[in-house]
Amino acid sequence: MFIQKLFSVLLLLSVLLVACSSPTAAPVVSSSSGSVTGSPVRVEGGAYLNITPTQLTEMLKSKDFVFINTHIPYEGEIEKTDAFIPYDQTMQLLNKYPSDKSAKIVLYCQSGRMSAIAAQELVKAGYINVWNLDGGMVAWERGGYKVKYK
């Protein structure tokens with residue numbers, strides 16, 4: 001009898017452990033074409049996906065996302081940018097982001113640091129489809145792509 005109860009308790013604990021270790025929000029990991037996947041970065045509230053310049057180029061071919069430059073001050077932009085929202089005002093300017101928390105949002109900045117902070121804030125605010133250009137415009141230019149300046 002004691003062994004059966006012990007076994008039941010251990011089984012229950014193992015089920016709870018597995019359930020509690022699952023992420024709260026699973027990120028979308030591919031574009032609508034299914035050809036681009038990102039590297040998940042776990043943060044409070046879920047995860048966002050880092051992508052490379054080559055992956056972003058593929059995504060821009062059939063753009064199905066809101067494309068936001070988070071860098072301050074202005075240091076240039078990648079073609080097809082939809083908005084400029086300073087990374088340090090992400091939470092104050094949530095109304096500038098899509099109201100649909102499942103909308104695909106791709107962020108970038110000069111080096112990737114500011115956009116990663118913005119991505120983390122968006123995930124914390126409940127967004128589940130956030131992508132970040134790893135290495136930012138620096139990596140973009142190193143990959144042979146152009147940054148335009150006003």
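These are legends for a set of close-up views of a predicted model.

**View 1. The whole chain, to get your bearings.** The protein chain holds 4 helices and 6 strands, and read from the N terminus these elements go α-β-β-α-β-β-β-α-β-α. It has 150 residues, and 41% of them are buried. Look at contacts between residues at least 6 apart in sequence, and 60% of these turn out to join residues at least 24 apart. As for the surface, about 8,500 Å² is exposed, with carbon and sulfur atoms supplying 59% of that area.

**View 2. The sheet, strand by strand.** The 6 strands make an open sheet with mixed pairing, in the order E1-E2-E6-E5-E3-E4. Strand E1 (39-43) and E4 sit at the edges; each has a single partner strand, so one side of each has no neighbour in the sheet. Over at the E4 end, E3 and E4 run parallel and are joined by 2 bridges, with Ile68 opposite Ala83 in E4. Helix H2 (residues 53-61) packs on the sheet and touches strand E2 (46-51), E3, E5 and strand E6 (130-133). The direction of H2 makes about 95 degrees with that of E2.

**View 3. The E1-E2 hairpin.** E1 and E2 form a hairpin with 2 residues between them. In the turn, Gly45 takes a positive phi of about 95 degrees. The two strands pair in the antiparallel sense over 5 bridges, and Pro40 is found opposite Leu49 in E2.

**View 4. Strand E2, enclosed on both faces.** 6 of the 6 residues of E2 are buried, so the strand is largely enclosed by the rest of the structure. Gly46, Tyr48 and Asn50 point one way, while Ala47, Leu49 and Ile51 point the other way. Besides its antiparallel pairing with E1, E2 pairs with E6 in the parallel sense over 3 bridges. Here Ile51 stands opposite Leu133 in E6.

**View 5. Two nonpolar cores.** The largest nonpolar core counts 19 residues, and Tyr97, Leu107 and Val130 have the most contacts inside it. Strand E5 (105-108) and helix H3 (113-124) are the elements that give two or more residues to this core, and H3 brings the largest share, with 6 residues. Apart from this core lies another one, of 16 residues, including Leu49, Met59, Leu60 and Leu133.

**View 6. Zooming in on Leu107.** Leaving out residues up to four places away in sequence, Leu107 has quite a list of partners: Ile68, Thr70, Tyr97, Ser115, Ala118, Ala119, Leu122, Val130, Trp131, Asn132 and Leu133. Among them are Tyr97 and Val130, which join Leu107 as the residues with the most contacts inside the largest core.

**View 7. His71 and its polar contacts.** His71 sits in the loop between strand E3 (66-69) and strand E4 (83-84). Its relative accessible area is 15%, which is under the 20% cut-off, so His71 counts as buried. What does the side chain of His71 have within reach? One of its polar atoms lies 3.5 Å from the backbone oxygen of Pro73, and the backbone nitrogen of Gln110 is 3.4 Å from a polar atom of the same side chain. Setting aside neighbours within four places in sequence, His71 is in contact with Tyr108, Cys109, Gln110 and Met114.

**View 8. Backbone oddities in the E3-E4 loop.** Pro73 belongs to the loop between E3 and E4, and the peptide bond leading into it from Ile72 is cis, with omega near -10 degrees. Lys80 lies in this loop too. Although Lys80 is not a glycine, its phi is positive, at about 80 degrees. Is Lys80 buried or exposed? Its relative accessibility is 41%, so it counts as partly exposed.

**View 9. Asn129, tucked into a loop.** Asn129 is found between H3 and E6, in the loop that joins them. With a relative accessible area of 7%, Asn129 is buried. Its side chain reaches the backbone oxygen of Ser102 at 3.4 Å.

Note on methods
Residues numbered from 1 in each chain as written. Predicted model: local features only at pLDDT ≥ 70, side-chain atom pairs only at ≥ 80, totals over all residues. Heavy atoms only, no water. Buried < 20%, exposed > 50% of the residue type's maximum accessible area, 1.4 Å probe, protein only. Polar contact = N/O pair within 3.5 Å; in protein donor to acceptor, adjacent residues only side chain to side chain. Contact = heavy atoms within 4.5 Å. Core = buried A, V, L, I, M, F, W, Y, C linked by side-chain atoms within 4.5 Å. Areas by Shrake-Rupley, 256 points an atom, 1.4 Å probe, with all protein chains shown as cover. Pairing = 2+ DSSP bridges. Axes fitted to C-alpha atoms, helices over the stretch in contact; angles between N-to-C directions.
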